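Student: I would like a close look at a single part of this structure. Please take it slowly and keep to what can be read from the model.

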Amino acid sequence: MAEIIHGTDASFEQDVVKSAVPVLVKFWSPSCDMCKAMMKSVDDLAEEYSDKIKVVKINVVENREKATSLGLRGIPTLMIWKNGESVALNVGMMMRGRLQQFIDSAI
């Protein structure tokens with residue numbers, strides 16, 4: 001089963017920075033249509049890559065602090081973190097194939 005975590009500002013350090021495996025972080029908002037459109041692709045790839053990565057979804061409406069401190073300018077924003085550092089960033093909509101390439105290139 002895929003490891004999908006609904007992260008918070010308070011849990012970011014533990015969920016993402018200290019993770020032993022690469023993490024796909026999705027910053028999203030319930031009112032963002034592009035965020036909702038990507039949800040199934042992210043969930044499907046979380047399942048497909050469950051032995052390689054974990055996925056952390058952060059609702060920026062409820063958790064603004066981390067998005068602000070990272071300087072995020074738009075949503076959806078996807079980041080890949082490895083060994084405590086951000087190694088890849090994408091702002092905006094990605095179709096499933098491009099999302100898969102984004103993950104593959106960073107892990």
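Student: Where is the place of Ser50, and what can be said about its surroundings?

Tutor: This is a predicted model, and what follows is computed from it. Ser50 sits in the loop that runs between helix H2 (33-48) and strand E3 (54-59). Ser50 counts as partly exposed because its relative accessible area is 33%, and that class lies between the cut-offs of 20% for buried and 50% for exposed. Within its surroundings, the side chain of Ser50 reaches the backbone oxygen of Glu47 at 3.2 Å. Another residue to look at is Glu3: 47 residues separate Ser50 from Glu3 in sequence, while their C-alpha atoms are 6.5 Å apart in space.

For a contrast in cover, turn to strand E4 (residues 77-82), which is mostly covered, with 5 of its 6 residues buried. E4 pairs with strand E2 (residues 23-28) in the antiparallel sense over 5 bridges. E4 also pairs with strand E5 (residues 85-91), again in the antiparallel sense, over 6 bridges. Leu78 shows both pairings: Lys26 stands opposite Leu78, and in E5 the bridge partner of Leu78 is Asn90. E4 and E5 make a hairpin with 2 residues between them, and Asn83 in the turn has a positive phi of about 50°.

Finally, there is the largest pocket, which holds about 160 Å³ of space. Its lining includes Val60, Arg64 and Leu72. By class, that lining has 4 nonpolar, 2 polar and 2 charged residues.

Key: Residues numbered from 1 in each chain as written. Predicted model: local features only at pLDDT ≥ 70, side-chain atom pairs only at ≥ 80, totals over all residues. Heavy atoms only, no water. 1 Å grid on protein atoms, 1.4 Å probe; cavity = no way out; pocket = protein on both sides within 12 Å on 5 of 7 lines; lining within 4 Å. Points joined across faces, edges and corners; volume = space filled by probe spheres on them. Nonpolar A, V, L, I, M, F, W, Y, C, P; charged D, E, K, R; others polar. Buried < 20%, exposed > 50% of the residue type's maximum accessible area, 1.4 Å probe, protein only. Helix = DSSP H or I, 4+ residues; strand = E, 2+ residues; numbered from the N terminus. Pairing = 2+ DSSP bridges. Polar contact = N/O pair within 3.5 Å; in protein donor to acceptor, adjacent residues only side chain to side chain.
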